[in-house]
Amino acid sequence: MVEPEDRTLSITRQCELLGISRSSWYFKGKGEKAENLELMRLMDRLFLDSPFLGSRQMVRNLRRLGRDVGRNRVRRLMRLMGLVPIYQGPRTSIPNLENKVYPYLLRDLKVERVNQVWCSDITYIPTPFGFLYLVAIMDWHSRRVLSWRLSNSMDTSFCTDALEEALLRYGVPEIINTDQGSQFTSSDWVGLVQRAGAKVSMDGKGRWLDNVFIERLWRSLKYECVYLRGFEGGAEARKGIGDWMEYYNRQRPHSSLAGRTPEEAYNGWPMRVTAGTAA
């Protein structure tokens, strides 16, 4: 919120008005060493493939790949990233025991149309100066990403901002499914869902498969964008992720959608008939 180019207010005065010290504006964290950041990216890839890896197995896998690492280092980095078997994520799904947890409503439910079920989740984006946090709202039937937000903190507001945008642009679904993270059990999130007229659904504890489609989105995003680009900061990450989301929605065909893109499926385009599949 500090505008260094503002000629009417000095940085000192802006910091005073915001209630922060001037030194905090100038402070730049050292972050992790480049070697550790590269190791963390590799660990994240391994964990995406095998979300049951603990620190011992992670060390064994890294050594097989030629990385001479000790368990204490790997355990520290896994703790920093929040890689906890069986469920992945850098502490993006920390429950608040004081908040109400809602039942999972999708078991045995046939999702046959758009805006029947939406889902949402949070993942992290590594940068040299720490993590950024990404939330997305997805239509379950078409896999279309309806909205997303990037934040440098894990507060609830960036999640509710994304949901408000999706509701404004696409209307109200019947059900919105999330995990049991504190952002999604908060009164702000639950209240917004219920005021809109949708039902609240939450995954079973530790059951990442209950929200499998958005987990696949994170996997694709990281392999096709994040790991290839190696974002240096928030602005670069926001631009790169925005470009990839456009590609994902408009240009990336899905076999599960019969060759359609998520946007084509959301808009009701007919399924494509490929050679050898026609009756």
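**A sheet, a helix across it, and two cores**

Let's start with the sheet: 5 strands make an open sheet, ordered β3-β2-β1-β4-β5, with mixed pairing. Two strands count as paired if DSSP finds at least two bridges between them, and strands (E, at least two residues) and helices (H or I, at least four) are DSSP runs numbered from the N terminus. The edges belong to β3 (145–151) and β5, each with a single partner strand, so one side of each has no neighbour in the sheet. From one strand to the next, the twist averages 25 degrees.

This is a predicted model, where local features need pLDDT of at least 70, side-chain atom pairs count only at pLDDT 80 or more, and totals for chains, interfaces and linings use all residues. Residues are numbered from 1 along each chain as its sequence is written, and side-chain values use heavy atoms, leaving out hydrogens and water.

Back at the β5 edge, β4 (residues 175–178) runs parallel to β5, joined by 4 bridges. In one of these strands, β5, Ser-201 is the bridge partner of Asn-177. Then there's α6, which lies across β1, β2, β3 and β4 and runs at about 155 degrees to β3 (axes are lines fitted to C-alpha atoms, for helices over the stretch in contact; angles run from 0 to 180 degrees between N-to-C directions).

Now for the packing. The largest nonpolar core has 43 residues, and Met-43, Met-58, Leu-62, Trp-118, Leu-163 and Trp-189 touch the most other members. Such a core is a set of buried Ala, Val, Leu, Ile, Met, Phe, Trp, Tyr and Cys residues joined through side-chain atoms within 4.5 Å, buried meaning under 20% relative accessible area (1.4 Å probe, protein chains only). Elements giving it two or more residues include α3 (34–49), β1 (117–127) and α6 (157–170). Apart from it lies another core, of 28 residues, among them Ala-136 and Tyr-248.

Definitions and conventions: Buried means under 20% relative accessible area, exposed over 50%, partly exposed in between (1.4 Å probe, protein chains only). Contact means heavy atoms within 4.5 Å.
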